[in-house]
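Student: Could you take me through one part of this model closely, starting from a single charged pair and working outward to what surrounds it in the chain?

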Amino acid sequence: MKLKVYADRLSQPVRAVIIFCEVNGIEYEEIKVDLANREHLTPEFSEINPMQQLPAIVHGTFKLFESHAILIYLASSFPGVADHWYPADVYKRSKIHSVLDWHHSNLRRGPITIVQNSILAPVFRRPLNPEAVAEGEKILSAALSKIESFWLDDNRPFLLGENQPSIADLSLVCDIMQVKLVGETDWNRLLGPYKKVQQWIENTRNATNPHFDELHKVLKELKEKLQN
């Protein structure tokens, strides 16, 4: 019963799911759903995910969408996944849920607003929208400030004062990495004030490499393609 992952690596939640599978030795079949060509809106994909978003998985007869739910399912269902990703301890697990819930209401809206209204606007047939980009930057900065001051401990490398990454670290970092699409100058401007966040991103990258770098190649490739 092989896991099927419906994916476009341009999607940051897709990257989080695939990196998790790779790091934990979960066998899967990656099924490409091209967002730019609107394949996620087809009747065929709607049978997999009626919400018409990525990622989605099929495992036997079981279908699931929403990346946080998928990560929880994978961590809970496949043998060999280290406990630190989604701890058995109910207190630690609940704290991870609090980060994930906060993520979708706060951080998530920043990077996606920035890139969809700037560099990715032509890809998705949208006009450039500098006002929306400025609003996205405000949302991102507010979220990064909260991560820097609250979610990260001065003496521990990962969220919630942990020494090893959880699914929350992976999910949030993959989201922030989307900002790389707008270029190093803007990345440094937006991330520069947040030294703990920068180190945490690097810690998460190191903990999940070489898969982290492999999955994020798509950002560099797309940026170069659009610039050309």
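Tutor: Happy to! In this predicted model, lysine 196 and aspartate 154 form a salt bridge, with 2.9 Å between their closest N and O atoms. Side chains of opposite charge can pair when their charged atoms come close. Lysine 196 belongs to helix α9 (residues 195-208), while aspartate 154 sits in the loop between α6 (130-151) and α7 (167-177), so the salt bridge ties together parts that are 42 residues apart in sequence. The count of salt bridges comes to ten.

Let's follow the chain on from α9. The loop between α9 and α10 holds proline 210, and the peptide bond that reaches this proline from asparagine 209 is cis, with omega near 5°. Most residues other than glycine have a negative phi, and most peptide bonds are trans. A cis bond also joins leucine 54 and proline 55, where omega is about 0°; proline 55 is in the loop between α2 (43-48) and β3 (56-59). On the phi side, look at arginine 38: its phi is positive, near 60°, though the residue is not glycine. You will find arginine 38 in the loop between β2 (28-32) and α2.

Back at the proline 210 loop, the next stop is α10 itself. Two packed helices are described by the angle between their axes and the distance between the axes. Helix α10 (residues 211-227) packs with helix α1 (residues 12-23) at about 155°, the axes being 9 Å apart. An angle over 145 degrees counts as roughly antiparallel, and α1 and α10 are therefore roughly antiparallel to each other. Their crossing is right-handed. From α1, the contact takes in Arg15, Ile18, Ile19, Glu22 and Val23, and from α10 it takes in His211, Phe212, Leu215, His216, Val218 and Leu219. By type, the residues of this contact are seven nonpolar, two polar and two charged.

It helps to set all this against the UniProt record. An unreviewed entry there lists residues 89-226 as "domain: GST C-terminal". In the model, that span is 69% helix and 0% strand, and its end C-alpha atoms lie 46 Å apart. The UniProt annotation "domain: GST N-terminal", also from an unreviewed entry, covers residues 1-82. Here the span is 35% helix and 22% strand, with 22 Å between its end C-alpha atoms.

Note on methods:
Residues are numbered from 1 along each chain as its sequence is written. This is a predicted model: local features need pLDDT of at least 70, side-chain atom pairs count only at pLDDT 80 or more; totals for chains, interfaces and linings use all residues. Side-chain values use heavy atoms; hydrogens and water are left out. UniProt positions are given in the numbering used here, feature names are shortened, and annotations may be inferred rather than shown by experiment. Helices (H or I, at least four residues) and strands (E, at least two) are DSSP runs, numbered from the N terminus. Axes are lines fitted to C-alpha atoms, for helices over the stretch in contact, and angles run from 0 to 180 degrees between N-to-C directions. Angles under 35 degrees count as roughly parallel, over 145 as roughly antiparallel, 65 to 115 as roughly perpendicular and the rest as oblique. A crossing is left-handed if the near helix is turned anticlockwise from the far one by less than a right angle, and right-handed if clockwise. Contact means heavy atoms within 4.5 Å. Ala, Val, Leu, Ile, Met, Phe, Trp, Tyr, Cys and Pro count as nonpolar, Asp, Glu, Lys and Arg as charged, and the others, Gly among them, as polar. A salt bridge is a side-chain nitrogen of Lys or Arg within 4 Å of a carboxyl oxygen of Asp or Glu.
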